[in-house]
Amino acid sequence: MLSKNESWSLNKLINERCEGIMTNQKVYYGKDIEVMFNSEVCIHSGICVKGLPGVFDLSKRPWVNPDADTMEAIARHIDTCPSGALTYRRLDGEYSTKKEG
Ligand code: SF4
């Protein structure tokens with residue numbers, strides 16, 4: 001789980017990003033992969049920021065940098081997001097967020 005400060009930072013970021021926006025999903029465009037984040041679904045487990053801090057960094061704007069690691073590493077890590085708040089689309093044609101089952 002996130003610390004109190006990390007949780008506060010994530011909530012602040014979410015509030016800033018969602019202000020006046022109809023959808024709570026934001027897309028971060030990389031050269032090999034697009035990362036989508038839905039703030040309404042996030043349960044603040046902190047897995048994203050702890051596991052790939054170079055890609056998911058709450059102290060930076062934007063907080064997601066899809067070019068900071070390999071497409072495969074980012075996709076694998078997003079597949080561990082417990083809530084489904086993070087999803088992705090690989091630009092090599094191999095679709096996207098791993099589905100259960
Ligand atoms: S891993 Fe998923 S649920 Fe956890 S903080 Fe990141 S986006 Fe939210």
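This section describes the fold of the protein chain, its nonpolar core and the surroundings of its ligand.

The structure is a predicted model. Three helices and three strands are found in the protein chain, and from the N terminus on these elements follow the order α-β-β-α-α-β. The chain has 101 residues, of which 21% are buried. Among contacts between residues at least 6 apart in sequence, 56% join residues at least 24 apart.

The three strands form an open sheet in the order β1-β2-β3, with antiparallel pairing. Strands β1 (25-29) and β3 stand at the edges; each has a single partner strand, so one side of each is left without a neighbour in the sheet. On average, neighbouring strands of this sheet are turned by 20° against each other, direction ignored. In general, the strands of a sheet pair through backbone hydrogen bonds, in either a parallel or an antiparallel manner. Here, the antiparallel pairing of β2 and β3 extends over five bridges, and M36 stands opposite T87 in β3. Helix α3 packs on the sheet, where it touches β2 and β3. The direction of α3 makes about 145° with that of β3.

In soluble globular proteins, nonpolar side chains tend to be buried together. The largest nonpolar core of the model comprises 18 residues, and those that touch the most other members are V35, F56, V64, I74, I78, L86 and Y88. At least two residues of this core are supplied by each of β2 (33-38), α3 (71-78) and β3 (86-90). Residue I78 illustrates these connections: leaving aside neighbours within four places in sequence, I78 is in contact with V35, L86, T87, Y88 and T97.

The surroundings of the ligand were examined next. The ligand is surrounded by C42, I43, H44, S45, G46, I47 and C48, together with C81, P82, S83, A85 and L86. By class, this shell has eight nonpolar and four polar residues, whereas charged residues are absent from it. L86 is thus named both in the shell around the ligand and among the core residues that touch the most other members.

Three residues of the shell may be considered individually. H44 is found in the loop between β2 and α2. Because 16 other C-beta atoms lie within 10 Å, H44 is partly exposed. Not counting residues up to four places away in sequence, H44 touches L2, S7 and L10. H44 and A85 are 41 residues apart in sequence, and their C-alpha atoms are 9.6 Å apart in space.

S45 also lies in the loop between β2 and α2 (47-51). With 15 C-beta neighbours inside 10 Å, S45 counts as partly exposed. Beyond residues up to four places away in sequence, S45 touches M1 and P82. A separation of 8.9 Å is found between the C-alpha atoms of S45 and S7, which are 38 residues apart along the chain.

I47, in contrast to a loop position, lies in helix α2. This residue has 19 other C-beta atoms within 10 Å and is therefore partly exposed. When neighbours within four places in sequence are left aside, I47 is in contact with T80, C81 and P82. I47 and P82 are 35 residues apart along the chain, with their C-alpha atoms separated by 8.3 Å.

Technical notes:
Residues are numbered from 1 along each chain as its sequence is written. This is a predicted model: local features need pLDDT of at least 70, side-chain atom pairs count only at pLDDT 80 or more; totals for chains, interfaces and linings use all residues. A residue is near a molecule or strand if its C-beta atom, placed from the backbone, lies within 6 Å of it. Ala, Val, Leu, Ile, Met, Phe, Trp, Tyr, Cys and Pro count as nonpolar, Asp, Glu, Lys and Arg as charged, and the others, Gly among them, as polar. Helices (H or I, at least four residues) and strands (E, at least two) are DSSP runs, numbered from the N terminus. A residue is buried if 20 or more other C-beta atoms lie within 10 Å of its own, exposed if 12 or fewer, and partly exposed in between; C-beta atoms are placed from the backbone. Two residues are in contact if their C-beta atoms, placed from the backbone, lie within 7 Å. A nonpolar core is a set of buried Ala, Val, Leu, Ile, Met, Phe, Trp, Tyr and Cys residues joined through C-beta atoms within 7 Å. Two strands pair if DSSP finds at least two bridges between them. Axes are lines fitted to C-alpha atoms, for helices over the stretch in contact, and angles run from 0 to 180 degrees between N-to-C directions.
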